[in-house]
Amino acid sequence: MRVIPLYPVYHEANCYIAVGEGCCNSACSNVCAVFDPGDNAERIFNRAKNNGLTIEKIILTHAHFDHIMAVNELVALTGAEVIIHKNDLQALYEPSLNLSGLIGHSYTVDSDIKVTAVENGDTIKVGGEYLTVISTPGHTPGSACFVCGDILFTGDTLFGSNIGRTDFPGGSIEEMKESLLKLRELEGDFTLYSGHGGETTLSRERQHNYYLFPEFLGR
């Protein structure tokens, strides 16, 4: 899978274009998914278009406003399907849950947009490749990571040297610890693309991120 980062699209929130390249058929080799379009839908659309890509899916790592506020506009430009973990589905339609009220701009995803709810272990086809859903509650009830080969999209669960906050509505430090343990115990190494900050690797975070240490996780 090829990843085109857009750093950032909303204040400090990242967005990514994920291209599934494992396909020899031209009909699917130019298909991509967009992760967490928080703003600047035209910028995202044009970046994909300039790379000869068609946006087929919009994948949300969770439903906080800084990761979803370009969904309506991007769907209008592309007709893309929206995908989110089932436990954050309702937050797309409730500003009190997606926290958009905090910035004085109540945002909801349009009710007529096609949204597919996924859960742990589900797969999402992008071009000729598949992303697997890893449920990682803690930052929000429906926070999720997505893995394809040695690529791992972690949203606001795991950052370079840090983790997502757990003090927002629906957050849980205990659930976060279980989710971090799940990521720490993945076999092998991965390039991490997180919701904030730069690219890192899981091996680096295992070695240097206190929140993956046994003393924090209690394991």
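**Exercise 1. Where is the place of aspartate 88 in this chain?**

Before we start, a word on conventions: this is a predicted model, in which local features need pLDDT of at least 70, side-chain atom pairs count only at pLDDT 80 or more, and totals for chains, interfaces and linings use all residues. Residues are numbered from 1 along each chain as its sequence is written, and side-chain values use heavy atoms, with hydrogens and water left out.

*Solution.*
Step 1: go to the loop between β5 and α4, for that is where aspartate 88 sits. Helices (H or I, at least four residues) and strands (E, at least two) are DSSP runs, numbered from the N terminus.
Step 2: check its surroundings. With residues up to four places away in sequence not counted, aspartate 88 touches His62, Ala63, Thr140, Pro141, Gly142 and Ser143, where contact means heavy atoms within 4.5 Å.
Step 3: assign its burial. Aspartate 88 is buried because its relative accessible area is 4%; buried means under 20%, exposed over 50%, and partly exposed in between (1.4 Å probe, protein chains only).
Step 4: add a distance. Isoleucine 151 is 63 residues away in sequence, and its C-alpha is 23 Å from that of aspartate 88.

**Exercise 2. Describe threonine 191, for which isoleucine 151 is again the reference.**

*Solution.*
Step 1: threonine 191 belongs to strand β13 (residues 191-194).
Step 2: across 40 residues of sequence, the C-alpha atoms of threonine 191 and isoleucine 151 are 5.1 Å apart.
Step 3: beyond its neighbours within four places, threonine 191 contacts Asp150, Ile151, Leu152, Glu199, Thr200 and Thr201.
Step 4: its relative accessible area is 19%, so threonine 191 counts as buried.

**Exercise 3. Map the nonpolar cores and follow one residue, isoleucine 58.**

*Solution.*
Step 1: use the definition. A nonpolar core is a set of buried Ala, Val, Leu, Ile, Met, Phe, Trp, Tyr and Cys residues joined through side-chain atoms within 4.5 Å.
Step 2: the largest such core holds 34 residues, and Ile17, Ile44, Ile55, Ile58, Leu60 and Val71 have the most contacts inside it.
Step 3: at least two residues come from each of β1 (2-10), β2 (13-19), β3 (31-35), α2 (41-50), β4 (54-59), α3 (71-78) and β5 (81-85).
Step 4: a second, separate core has 19 residues, including Val3, Ile59, Ile124 and Cys148.
Step 5: neighbours within four places aside, isoleucine 58 is in contact with Val34, Pro37, Val71, Leu74, Val75, Ala80, Glu81, Val82 and Ile83.

**Exercise 4. Compare aspartate 36 with asparagine 40, both in the loop between β3 and α2.**

*Solution.*
Step 1: look at the backbone. Most residues other than glycine have a negative phi. Aspartate 36, not a glycine, has a positive phi of about 55°, and the phi of asparagine 40 is near 55° too.
Step 2: look at burial. Aspartate 36 is buried, with a relative accessible area of 3%, whereas asparagine 40 is partly exposed, with 37%.
Step 3: continue into helix α2, where arginine 43 lies. Arginine 43 is partly exposed at 35% and touches Leu6, Tyr7, Pro8 and Val9, residues up to four places away not being counted.

**Exercise 5. Place asparagine 98 and glycine 104, then say which is buried and which is exposed.**

*Solution.*
Step 1: asparagine 98 is in helix α4, and glycine 104 is in the loop between α4 (95-98) and β6 (115-118).
Step 2: with a relative accessible area of 0%, asparagine 98 is buried. Its contacts, beyond neighbours within four places, are Ala63, His64, Phe65, Ile68, Ala91, Leu92 and Tyr107.
Step 3: glycine 104 counts as exposed, since its relative accessibility is 69%.

**Exercise 6. Check the span of helix α5 and list its buried residues.**

*Solution.*
Step 1: α5 (residues 173-184) has 12 residues.
Step 2: from first C-alpha to last, α5 reaches 16 Å, close to the 16 Å expected at 1.5 Å a residue; the expected span is 1.5 Å times one less than the number of residues.
Step 3: Met176, Ser179, Leu180, Leu181, Leu183 and Arg184 are buried in α5.
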